[in-house]
Structures are given as structure tokens and as C-alpha cells.
Amino acid sequence: MYTTGSPTGTAPATAAGSTEAATAPGTPWPLVGRDPYVRAFTRDLADPDRDGFLVLGPAGAGCSRLARECLARAARAGHATLAVRATTAGADVPFGAVAHLLPPDARALPPAALHAEAGRGLDRRRAGRPGRQVLFVDDLHHLDPDSALLVRRLMDDQQVFLLATARSAPPGGRPPTAVATLTDEDRVRRVDLPLLDRARTALLLERTLGLPVTDRTLGLLFALSDGNPLYLRELVRGALAGGALTGDGRIWDLDAAEVPLTPYLVDRVHDEVRPYDASPVLEALAVCGPLPLHHLLDLAGPRAVDALERAALIAVRTDGRRRDVGLVLPLHARVLREGLTEVRRRDLLLRSAALTERSGARREGDPGLIAVRLLEATGHGHPEPLDPETVRASDTADPGRARRLLEAVPEGQHGVAALLLLAEARYRAGECAAAERTLARAAALARTEEDTLLVLGARVHNLVHGLGSPPAVCRAVIEAARPRVRGEAGVRELALAEAVVAQGTGDGARALELTAPLVPVGGPHEAPTDSVRLRACLVRSLALGTLGRGEEAVEWARAAVDAPVPHEAAVYTGLVMEAAKQRVLVQALVTAGRLPEARAYGRPAHEARSAVRDHESRRLVLALGRAELAAGRLDRARRLFADAAHASRRQRTGVFAQASGLLAVAAAQQGDLATAAAAVAEGRAAAGRPDGDAPPTAGPSDDAEHVDVPELLLGEAWRYACGGELGRAREQLRRGAAEALRLGRRGRESLFLTDLVRLGDAAWAAPRLAALAEAVPEPAHLLRAGFAGAWAARDAARLLAAAVELEDRGALLLAAECRSTAAAALRQGGRERQARAAEREVHALVERCGGARTPVLQILGAHRGLTLRETEISLLAARGLTDKAIGRLLHLSHRTVENHLHRVYGKLGVAGRRELAARLLRATAPVAGEG
């Protein structure tokens, strides 16, 4: 499913070639989500009690594409087929659409004779075929009444089976005469074709482009197309032609503020709004975004607004006493906006700002909207109305608009409040170094204790979670602020800043100690009531996760998530804090091994933010990717890690190093070693660590944005393992586990040890996992210790029991590997029937894992007492390496390798390398999974 390529630049040649073919004008796109309708058509065609199949939907929904697929299926099944195209031009011409089916003098014949002649003509066309005559009428709603009546009679006599498409009637409207004539009985199935949902849009894009798209790209294309396949196709064509949609060999991304539009798409949109093209309401909404209803009524009057609402071009949204109006489709706004002159656009912005000001600008965010519209009309900014609500209101309609507003203010006019908001905008964009420079200026301007604390909180957050600065730099910032802090609130803020730094450097115990006096007295069951308590709950959750105490981490994260973000003394605005809360909860759930909960909570939270490419969203993507990887949903995990790496490549923040390492893990587990190697190399280069075999240093925790060597270590280990170098992989993992133990990072230690079990070192890892479970007796640790012990003892019964529990907790790939190991133990014990039953369960699980090809699965059905060394040599030989090459990798003589292989051939009952490769790899061909 994935195509490897260079880490930078455009898509690889294979993907690009297929993309050009798939997106060329006139080329049909793959059908996605339409199989149930094709199957229904096939059943109805075989049912003598059915006379027709009608597909209805809005323009561009793909009705004709679906009907043509049905027609092709009918032809392949031996049915005679005939196509008719109804048009607006022929709608008033009697028999205009079916004239080619009738003799030249047909119109002079009486109705009965005409009917009979048409039937005889159809019989001649069938040429003795045993199947039914399928008559395809495209755009049935344009069919003239005489043609409709003729088709109706042919259907009643069962001389044709009607396959037709028609435009859906508007809400409350009546269907056209032809549709009513031909579908007023139960013998014709009506299918209302829905537009694509987000998931099917993603699948369609991936099948067309050959690679997945970033979630931000998906969000933008889905919002613009509204799930309309025709719109989506034209948007992709325009983006590719304009160079806005580019790939890095792993994922496609829209690297432009706006998607280039094709002339055909612009014409289609103008056709839809043509009766109202010059409406001042549409123009105002296209330029200014949603506006209060009373503004539009003043602008155009109730009749015009009512007509637009009836045409489903605008929608009224009520929020308490507020009633705002917006365009239904963002694409309409884009096309209409680009069709306006600069003078007209400026006039609309200034009039909107004036109307808001005359009405008193009483609504929340109104001052900010006035400033935004003045900026966009005149190019000048003004510092007074800049507050957090301005940021919230501006970015809701257009992410990045608030930043443009802030940067338009002359530098000397920025106060502390404006600089804080500008720093937030830069942090959200991932420009953390620029954010630090802005915050340093704010710190120099701060005169009051309140301003000092606001700047300090934001600055420490950016240094730790954005830049990954060394602890000494972070503590120097804290100490510089300390002399200006005297009140109790300030002392608490300083303690929290120190806790953030401690957590960022992986010192979970110190972070817990510092946050103990800051969190609610009643613990996680008491809601935090101020900003310090809220942020302390988040830090505490992260610290507990570092220490492997996942269940406690979940409790503290939930306490933060359930609490509103206080307006006073908050670090940045709620836009940042809400994403941070969501990310911390997902991460805590993953640490606790509660993977279904992590995925169920994280996916909608992420989708709601996917159109915004900000730093916190990338961190949420990374946390969700960890959940998908732990669940074994490799396709989904790989896409998320590729997304996070691509989005953070330019800034090279810690997110990039972590995402690169985890992308390597997912790619290696799918058997894509080239991508795994490239991802690790990129991550190491960004982290300043070109030597992947160097031992990990005392670095940050799972949450930190420093150089996160452990993720790169995991990626390298799995690249070795899935390439057959199991010994080298185990050496990496043992070193990582030992370092995590030394630093007290039990959560990370548990992950390293678990992977060691999976790669054949259960005897070394099981006692350590047992000790960890004894120290932290939580369900996740107890489960890992249990299956590790069973794996080491090759206890099939315990392995199968552990597999059931792992599957219940959402760890599908690990459950499959447990069952595979149990199958090998059962077969070794002579219980072939039970072994085959276990293998069937393995296959069922692997089908849900997105093409997993881990070493345990590669030897599925072949493990008959192979030693670790024999397994390693077998996998390398199956990859095609010679005896000498294997010997060089494993530091063995080629004679020793040859002797090992002869023993393997005897144990497995194969004749040589070719049969060995087929035997080891037969169960792990890539499986296309939903992820």
C-alpha cells in the first residue's frame, strides 16, 4: 500500500505516475463506500419482482459513476445493456431522449403500435442473450414525459430493467414528473446516495494518490468539498496542477494557504449560485465569514435572505440569543470571494466593521473582529482590541488570521499582552524559537508581578515543550523572575514552573513532589478551580506516566479535561490548553494500556482540530499515533507518525525526532525496511545523533520535546529485527531498558522489556517485568508480566489466556503474537489440531493490523523448536542473504551459518532457501487495513 521514496521533495515516481493517471480529466476515480449499492443492484437485477434501480443524489455525488459501475457489472454478467442520456435541451422534445431506439416514423404511430415497435427493437438488440435488457437512463429528471411513459410501459411488460440516476429534490420540493412516473411503485428500488463522510474521503484520496494525506489536508479538502466526490476530484486536480499538493514519499500535504481551483470547478459553483450570483448577502458572507442575522437583514431585506436559506446556500445558526448566518459550503465562499474586485472586497469589509461598531460591539469577540476586518481592508493593525477573545474569534474562522493581525501592529506599540498573544501564535505555528524571542521581549517589558508570572508560565512552557531547552536554560529563566515575585500566587507559579522543567527532563518523582501542594486538596476527584491547579494536574499526570503509574495518570488527566480553562492567569489561551488537556489524557490512557479508550477519545478530539496545523495538534497526533501503534493498527499509526513528522520537519522540534523514530517502528513492522531506515536517519540527523548505536543519554520523558533518543532507539531496533538481525535488535532494547531502569522511568522500561519478549528474549525480560508489576501492580504491568512469564516458559494455555486479555484491551498485534507463540508450543507438544485453531485466530487478528510482518508472525506455522540463532539465520536467509553475508552480520563463519541452515531445513521439512522463504513469509503478505 505504501511506496517508499526520498524523505524530501515530491512524491516518488511510482506514486506520481499513478497519480497523474488517476487525476487526469475524464478518468473515473475509484468507488469508495459504494459496494453495498452495487451488491443491491445485482440482487435486484436477478429478482423478477424488481423492475428498476434508481440512484438519487445531489450534483456531483457520484450517481452516474455508481450507475455506470452497475451497468458494467450487468454487461459482464451477460445482460444486454443500453444507455440513454436525458438533457435539459431535450426535456421538451417528445421522445427526444429515446429517439435512437425508435423507427424513423415512430411519432406517426399510435401509442400501442409505438410501444410494440419499441419492444421489437429491444428484442433485436438483445440478440438472444438470456439475461435481462438493462436500460440506463442518466439524469432521469430531464426525461421528457413521452419518453418516460414509454419506458414505464416497457418496464410493466418486463421488457427492460431500468437503471437510472436523478437529482435529489430540494428539501420540501416535489420530484420531477419523470421520476414520479417511473418510481411510484415498490418494484423500483430508490437509493439516496449520501455524500462521502470523512473516513471515506480519506480512503478515496489514499486509493487515488497512492499514499495517505495529512490530517490537515484531509480536513481542508473535506471541508471544501463537503464530501462531494466531484468537488473533491477537482480540488485534487487543481492542487496537483498548481503544485500545492506535494508528497514526501510517505504522505501527501497541502503546502499552500488555499487550494488552487480548476476552471471547471469554478464554473460548476457559479452554475449553482447563478440565480443569486450578485446577492450582497452572498458576497458579504464570502468575504467576512458568518455575520449576525440582523446585519444581513439590514443589507438585503428579509425576502432575499429567505430565498437564499430556502435554496440551502446559507444557514442560520442559533447560540443562545445570538443568531449568525454563514454560507453552507466553504467552497462557495472561496469562489465568490475570488470573483470580487479588490474595491468591492474592501468596501464589504469596511461596511461590516462599521455595522458591528454601530451596533455597540457588545458581543464577545466583536472588537477583535472589527480589528481583523480593518486589517484586511486597509493593511493596518491596532493594538487596543487585542485580547485572548480576539485570538479565539479570529482563529475560529481562519487559523492564522490572529497572527496576521498581531504582526501588523508596529513593533514599538506591542505591550506585554500583545506580545504574549503573538508568542502564542508563533508557538502554535511550531515556530518556537521565534516565540522565545517574543517572550524574552515581553519579560523585559513586564513591570507588574502579574505580567511577570504570565510571561514566565508561557516561556517555560515553550522552552520545555517547544524548544526542548536544557534544564539549566529553563531554570535560569525561573531564577530571573524570582526577585519580582512576592505574593503567594507567585510562589505557586514558580513552583509549577519548576515542576514543568522537572517533568520535561524526565524527573517524575521531583515533579510529583513539586505539584503536591498545588493540586486540589481532594485529589483528582476535586475539580481544579484555577489555572495553576489545572496545569499542575496535567504535569502530575505526565509525571505519573513517566513512573509507569498509568491508572493514576488517567485520573489526574481526567480531572484536568473535565475542568474549564480559567480565564485568569492562564498560560496562553484555551486554544492551546484544550489541546494539551486532550493530548495528556490520550497519553495517560496509553500508559495504562487502555487502548480502546485512548483511540475512542483521541480520534474525534484530533479530527476536530485537524484543519489547524499547530504545535499542540502535532503533539496530539503523536499521542494518538502511540495509541494506534500499541493497538497494532499499523496503517493508522504510520499515517499519524508520517503526518506529525512532515508537519514538524521544518522546525525540527522534538516532535520530529519522536515521530521519525515511531514511524520507523510502524514501517519496520509492516516489512518496509527502506522507509524505517530513512526515518531513523532523518530523526538522528535532526537530533544531532548520527550514530544510532550510541547508548541513550539521560534525556526527556515521553512527553518532552527534547531530543527523544528512545523513540529512535526503538525504531532502529525494529528495523534490525524485521530485517532478520534479531541479536542486534535485542542488544539495543536491553540497553534502552537498563537506562530507563537507572533513570526510574518505569513506563518506558516496560515498553522496552515488552518488545524484548516479542523478539525472543523473554527469559531476560520476564523477571524484570515481574519486578515492575510488583512495584506498580496495575493491570497493564500485571498483564505484561503474565504473558512474558508464559512466553519464557512456552506455556501455551497461559499464552492463549493472555492473548484473550490483550485483545480485550485493544492490543491486537501483541495478542496475535501471543497466539502465534502458543501455536508453536502446541505444535511442538504434538497438539496439531489446537495449533491450527490458534493459527486461524492469528490470521483473523493480523487482518486487522494493517499488514503486520513482525518476526513472530513471519515464522507462523513454521516454528518447530527453532533456537533463537536458528530463527535469526532463517529470517536473514529468507530475505535472500548469502551464507557469507549472514556470517558477516552475525560475526559467524559461513560454515557455521551453513550448518545452522541444514538443521533448520530438517526441522521445518524444507529442501532449501526458496522453500524456506515461502514457508516463513507465507502468512504475512501485506494486508490492507483500516488502521
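**Exercise 1. The surroundings of aspartate 883**

Leaving aside its neighbours within four places in sequence, with which residues is aspartate 883 in contact? State also where this residue is placed and whether it is buried or exposed.

*Solution.* The model examined here is a predicted one.

Step 1. Aspartate 883 belongs to helix α43, which covers residues 883-890.

Step 2. Once neighbours within four places in sequence are set aside, the contacts of aspartate 883 are His894, Val897, Glu898, Leu901 and Arg913.

Step 3. For one of these, valine 897, the separation from aspartate 883 is 14 residues in sequence, while the C-alpha to C-alpha distance is 5.9 Å.

Step 4. The relative accessible area of aspartate 883 is 18%. Buried means under 20%, so aspartate 883 counts as buried.

**Exercise 2. The protein as a whole**

Determine how many helices and strands the protein has, what percentage of its residues count as buried, and what share of the contacts join residues at least 24 apart.

*Solution.* Step 1. The secondary structure comprises 45 helices and 10 strands.

Step 2. The protein has 931 residues, and 58% of them count as buried.

Step 3. Consider the contacts between residues at least 6 apart in sequence: 71% of these join residues at least 24 apart.

**Exercise 3. The five-stranded sheet**

Give the strand order and the sense of pairing in the sheet of five strands, and identify its edges.

*Solution.* Step 1. The sheet is open, its order is β2-β3-β4-β1-β5, and its pairing is parallel.

Step 2. β2 (80-85) and β5 (188-192) each have a single partner strand, so each of these edge strands has one side without a neighbour in the sheet.

Step 3. From one strand to the next, the twist averages 15°.

Step 4. Take one pair as an example: β1 (residues 52-57) and β4 (residues 161-167) are joined in the parallel sense over six bridges. Within this pair, leucine 56 has alanine 166 of β4 as its bridge partner.

Step 5. Helix α3 (residues 63-76) lies across β1, β2, β3 (133-138) and β4, and runs at about 165° to β3.

**Exercise 4. The three-stranded sheet**

Describe the sheet that contains β8, β9 and β10, working from the strand order to the individual bridges.

*Solution.* Step 1. This open sheet has the order β8-β10-β9 with antiparallel pairing. The edges are formed by β8 (291-292) and β9 (314-319), each of which pairs on one side only.

Step 2. β8 pairs with β10 (residues 322-327) in the antiparallel sense over two bridges. Leucine 291 has valine 325 of β10 as its bridge partner, and proline 292 stands opposite aspartate 324.

Step 3. The antiparallel pairing of β9 with β10 extends over six bridges. One of the partnerships joins aspartate 319 to arginine 322 of β10.

Step 4. The hairpin of β9 and β10 has two residues between the strands, and glycine 320 takes a positive phi near 65° there.

Step 5. Helix α11 (residues 280-288) lies across β8, β9 and β10, at about 95° to β10.

**Exercise 5. The two largest cavities**

State how many cavities of 30 Å³ or more the structure holds, and characterise the linings of the largest and the second largest.

*Solution.* Step 1. Eight cavities of 30 Å³ or more are present. The largest has a volume of about 730 Å³.

Step 2. Its lining is made up of 35 residues, and those nearest the centre of the largest cavity are Val590, Arg626, Ala630, Leu751 and Arg784. Two or more lining residues come from each of α27 (574-591), α29 (615-631), α31 (654-669), α33 (709-722), α35 (746-758), α37 (779-793) and α39 (812-828). The largest share, seven residues, is that of α35.

Step 3. By residue class, the lining of the largest cavity contains 18 nonpolar, nine polar and eight charged residues.

Step 4. The second largest cavity encloses about 240 Å³. It is lined by 20 residues, with His461, His465, Val500, Arg535 and Val539 the closest to its centre.

Step 5. At least two residues of this second lining are supplied by each of α21 (449-467), α23 (488-504), α25 (531-546) and α27. The lining of the second largest cavity divides into 12 nonpolar, four polar and four charged residues.

Definitions and conventions
Residues are numbered from 1 along each chain as its sequence is written. This is a predicted model: local features need pLDDT of at least 70, side-chain atom pairs count only at pLDDT 80 or more; totals for chains, interfaces and linings use all residues. Side-chain values use heavy atoms; hydrogens and water are left out. On a 1 Å grid over the protein atoms alone, a cavity is a set of points where a 1.4 Å probe fits but cannot get out, and a pocket is an open set with protein on both sides within 12 Å along at least five of seven lines; lining residues have an atom within 4 Å of a point. Grid points are joined across faces, edges and corners, and a volume is the space filled by probe spheres set on the points. Helices (H or I, at least four residues) and strands (E, at least two) are DSSP runs, numbered from the N terminus. Ala, Val, Leu, Ile, Met, Phe, Trp, Tyr, Cys and Pro count as nonpolar, Asp, Glu, Lys and Arg as charged, and the others, Gly among them, as polar. Two strands pair if DSSP finds at least two bridges between them. Axes are lines fitted to C-alpha atoms, for helices over the stretch in contact, and angles run from 0 to 180 degrees between N-to-C directions. Contact means heavy atoms within 4.5 Å. Buried means under 20% relative accessible area, exposed over 50%, partly exposed in between (1.4 Å probe, protein chains only).
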